[in-house]
Amino acid sequence: MSSAAVRNVVVDVDVGSDDAWAILMLLRAQELNLINLLGITCVKGNSTVDNVAKNTLRVLSSFESISPLKPPVFLGAANEMIVLGKRPFDDEATFHGRDGLGDLEDYSEDGSDTKNLAKEHAVNALERIVMENPKQVSLICLGPLTNLGLCLRMYPHVAENIGEVYIMGGNHLGVGNITSSAEFNFFNDPEAAQIALDALKCPIFLLPWESCLEDKFFITMDWRMNVLGEITNRITRFMNPIEEKCYREYSEWMPCDALLTATFLTRNTIVEKSSIWHATVELSGYHTRGQLILDHLRKKIPNLTILEKVNQVTFMEMMLWTAGHEIDVKKFLPRS
């Protein structure tokens, strides 16, 4: 990936409140000409892909910008690459609600309309954008990796032309959050995750579930609502009710996707501990499907960097900046 000041970015989302914060953070960075956000691709994850697209448009509408330009939004994969049958929890609402943003609005009454989406499919758009900017596109993956997996299968040449990939997903210590041994994003499409880890030729930076847990990272909901959420603007009027509902039974705030995005924007300077591994994804284990497996024997060539610990104070400042507080971003957002 070139060290040029302005990086080209595509973000793949399954919005989700933490995806929403990640998108807002990228929009803030684009205002400062730190990135070119070339597209937002949507994938099934926290909700259906149609809901994810609508949520993405809602997030874009909440952003007060000096520029009228908004990145194109592309509808992507509606299902995982391999459907093995109905799972016990498939009919349950996720943490983010059935619609992905707390079920606060009736979509039949919602102003977001999928007619505002780009006509091109997300997988095709990803291939086009990468090949128009070979080795100059950073891909940030915040949901299941279905769009990326399909793109690498349909267009193998993409693998060696992506500049870098940041992934929120997996679990390097075997701690699960959807099953006992698997993290949500990887469990929802382990085949796609394995394809990505196996095929990509660029640097891969992975933020696993354990890096977001309280022994490594802890922000209270009191801080979230009464410090971050204290400012009044379109962003907080949009985000505060969503997270107030989603986190109503929790004392800890865990915006994992925003944490990964902050890592990307700081060019990893926010990272306090990382390690390099060869990793694969378990595809057939009865109890461990979707689990990230590390080569502890160190017999294989490493294929990714695991982001184990991120500086919390810097992240909190970046979130204040994202929400619209007056923060000097020069100290944590390098231009090259």
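These legends go with a set of close-up views of one predicted model.

**View 1. Helix H1 crosses helix H2 at roughly 45°.** Start with two helices: H1 covers residues 17-31 and H2 covers residues 49-61. Their axes come within 10 Å of each other. That crossing angle makes H1 oblique to H2. As for handedness, the crossing of these two helices is right-handed.

**View 2. Here are the side-by-side residues of H1 and H2.** On the H1 side, look for Ala20, Ile23, Leu24 and Leu27. They meet Thr56, Val59 and Leu60 of H2. Sort the residues of this contact by class and you get 6 nonpolar, 1 polar and no charged.

**View 3. Helix H1 also packs against helix H9, with the two axes 6 Å apart.** How are H1 and H9 oriented to each other? The angle between them is about 25°. Angles under 35 degrees count as roughly parallel, and H1 and H9 are therefore roughly parallel to each other. H1 passes H9 in a right-handed crossing.

**View 4. Zoom in on the contact between H1 and H9.** From H1 come Asp18, Asp19, Trp21, Ala22, Met25, Leu26 and Ala29. Facing them in H9 are Cys256, Asp257, Ala258, Thr261, Ala262, Phe264 and Leu265. What mix of classes does this contact hold? There are 10 nonpolar residues, 1 polar residue and 3 charged ones.

**View 5. Helices H9 and H10 pack at an angle of about 95°.** H9 spans residues 256-265, H10 spans residues 312-323, and their axes are 10 Å apart. With that angle, H9 is roughly perpendicular to H10. In H9, the residues to find are Ala258, Leu259, Ala262 and Leu265. Their partners in H10 are Phe315, Met318 and Met319. The class count for this contact is 7 nonpolar, with no polar and no charged residues.

**View 6. A cis peptide bond sits between Val15 and Gly16.** Omega for this bond is about 0°. Where along the chain is Gly16? Gly16 belongs to the loop that runs between strand S1 (7-13) and H1.

**View 7. Asn33 has a positive phi.** Its value is about 60°, even though Asn33 is not a glycine. You can find Asn33 in the loop between H1 and strand S2, and that strand covers 35-42.

**View 8. This one shows the second largest cavity, with a volume of about 50 Å³.** How many cavities of 30 Å³ or more turn up in a search of the whole structure? The search finds 2. Around the second largest cavity, the lining is made of Ala5, Arg7, Leu34, Ile35, Leu265, Arg267 and Pro334. Split by class, that lining has 5 nonpolar and 2 charged residues, with no polar ones. If Leu265 rings a bell, that's fair: Leu265 of H9 also shows up in the contact with H1 and in the contact with H10.

Note on methods
Residues numbered from 1 in each chain as written. Predicted model: local features only at pLDDT ≥ 70, side-chain atom pairs only at ≥ 80, totals over all residues. Heavy atoms only, no water. Axes fitted to C-alpha atoms, helices over the stretch in contact; angles between N-to-C directions. Helix = DSSP H or I, 4+ residues; strand = E, 2+ residues; numbered from the N terminus. Parallel < 35°, antiparallel > 145°, perpendicular 65-115°, else oblique. Left-handed = near helix turned anticlockwise from the far one by under 90°. Contact = heavy atoms within 4.5 Å. Nonpolar A, V, L, I, M, F, W, Y, C, P; charged D, E, K, R; others polar. 1 Å grid on protein atoms, 1.4 Å probe; cavity = no way out; pocket = protein on both sides within 12 Å on 5 of 7 lines; lining within 4 Å. Points joined across faces, edges and corners; volume = space filled by probe spheres on them.
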